[in-house]
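The following report examines a single protein chain, with attention to packing, internal space and local backbone geometry. The sequence and model are shown first.

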Amino acid sequence: MKQPRAWQKMLSGRRLDLLDPTPVDIEIGDIAHGLAFVARWNGQTEGDYAYSVAEHSLLVERLYTRLTPGAPAKWKLAALLHDAPEYVIGDMISPVKAAVGPGYDELDKRLAAAIHIRFGLPAAIPAQVKRQIKKADRISAWMEATQIAGFSQQEADKFFGHPDPALIDGLSILLRPPMEARAEYTARHSALLDDMG
């Protein structure tokens, strides 16, 4: 019996095996492009543009930097890349991930490890760093929920916890064309790689 196709052809020309990804087949241009077109909240957000995973990732990296002043560039890069596998597997809201089960999580972990290695990070991020990135992720989710996804503050507090107002001061949700989000994501990735030396 013929094996089902498990790879995707990327715009860079790479052929990424989704079940057995290798770092050599991962390009930041593919990631930035894909994430700029993947909508958070299944697209159920206000505004003229979907709120993309690229925008979300930029915000999470800013929040992580505020949560951990003095963090090295490599962990800021890990925060920027925290949802990078979604450039090929898409973004699923938490209830759907739970229903799909461990298969999605395994796929996500394999892709994340290959992405990390490709950009000079360890395959597995240290637990303390991962916790802080997750905290930034939840703060971002709260901001998104209350600003563009129709949640009341009380509802968002229940699901994501109420953030320290000082952490979100001056930050807002950006809704803009995918090409702008892609460009900023790529630029931030490049700046962090430069900072890593």
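In this predicted model, the buried residues of helix 1 are Ile28, Asp30, Ile31, Ala32, Gly34, Leu35 and Ala36. Helix 1 spans residues 28-37 and is mostly covered, with seven of its ten residues buried. Which elements do the buried residues of helix 1 pack against? The partners are helix 2 (53-67), helix 4 (86-89), helix 6 (102-118) and helix 10 (178-196).

**Overall architecture**

The chain contains ten helices and two strands. Read from the N terminus, the order of elements is β-β-α-α-α-α-α-α-α-α-α-α. The C-alpha trace extends over about 55 × 40 × 30 Å along its principal axes. A compact globule of 197 residues would have a radius of gyration near 16 Å, and the value of 17 Å for the chain therefore agrees with that expectation. Of the 197 residues, 44% count as buried. Among contacts between residues at least 6 apart in sequence, 68% join residues at least 24 apart.

**The nonpolar core**

The largest nonpolar core has 59 residues, and the members that touch the most other members are Ile31, Tyr87, Met143 and Tyr185. Ile31 is also one of the buried residues of helix 1. For Met143, when residues up to four places away in sequence are not counted, the residues touched are Leu59, Leu63, Ile148, Ile168, Leu171, Ser172 and Ile173.

**Cavity and pocket**

How many cavities of 30 Å³ or more does the structure hold? There is one, and the space within the largest cavity is about 40 Å³. Its lining is formed by Tyr51, Glu55, Leu59, Arg62, Ser172, Ile173 and Leu174. By class, these lining residues comprise four nonpolar, one polar and two charged. Leu59, Ser172 and Ile173 belong to this lining and are also touched by Met143.

The largest pocket has a volume of about 1,200 Å³. Its lining consists of 34 residues, and those that lie nearest the pocket centre are His82, Asp83, Lys97, Lys134 and Asp137. Two or more lining residues come from each of helix 5 (94-100), helix 6, helix 7 (127-147) and helix 8 (153-160). Helix 6 makes the greatest contribution to the pocket lining, giving seven residues. In terms of class, the lining of the largest pocket divides into 18 nonpolar, four polar and twelve charged residues.

**Selected residues**

The table lists the relative accessibility of four residues that are discussed below.

| Residue | Relative accessibility | Status |
|---|---|---|
| Trp41 | 16% | buried |
| Asn42 | 47% | partly exposed |
| Lys97 | 29% | partly exposed |
| Glu184 | 24% | partly exposed |

Lys97, one of the residues nearest the centre of the largest pocket, is placed in helix 5. Apart from neighbours within four places in sequence, Lys97 is in contact with Glu86, Met92 and Tyr104. Lys97 is classed as partly exposed because its relative accessible area is 29%, between the limits of under 20% for buried and over 50% for exposed.

Glu184 lies in helix 10. Leaving out residues up to four places away in sequence, Glu184 touches Leu58, Arg62 and Arg176. Arg62 also appears in the lining of the largest cavity. Glu184 and Ala36 are separated by 148 residues in sequence, while their C-alpha atoms are 9.9 Å apart in space. Ala36 is one of the buried residues of helix 1, whereas Glu184 is partly exposed at 24%.

**Backbone geometry between helix 1 and helix 2**

Most residues other than glycine have a negative phi. Where does Trp41 lie? Trp41 is in the loop between helix 1 and helix 2, and its phi is near 60°, a positive value in a residue other than glycine. Asn42 lies in the loop between helix 1 and helix 2 and also has a positive phi, near 55°. Is Trp41 buried or exposed? With a relative accessibility of 16%, Trp41 counts as buried, because that value is under 20%. Asn42, at 47%, counts as partly exposed.

Notes
Residues are numbered from 1 along each chain as its sequence is written. This is a predicted model: local features need pLDDT of at least 70, side-chain atom pairs count only at pLDDT 80 or more; totals for chains, interfaces and linings use all residues. Side-chain values use heavy atoms; hydrogens and water are left out. On a 1 Å grid over the protein atoms alone, a cavity is a set of points where a 1.4 Å probe fits but cannot get out, and a pocket is an open set with protein on both sides within 12 Å along at least five of seven lines; lining residues have an atom within 4 Å of a point. Grid points are joined across faces, edges and corners, and a volume is the space filled by probe spheres set on the points. Ala, Val, Leu, Ile, Met, Phe, Trp, Tyr, Cys and Pro count as nonpolar, Asp, Glu, Lys and Arg as charged, and the others, Gly among them, as polar. Buried means under 20% relative accessible area, exposed over 50%, partly exposed in between (1.4 Å probe, protein chains only). Helices (H or I, at least four residues) and strands (E, at least two) are DSSP runs, numbered from the N terminus. Contact means heavy atoms within 4.5 Å. A nonpolar core is a set of buried Ala, Val, Leu, Ile, Met, Phe, Trp, Tyr and Cys residues joined through side-chain atoms within 4.5 Å. The radius of gyration is taken over C-alpha atoms; the globule rule is 2.2 Å times the number of residues to the power 0.38.
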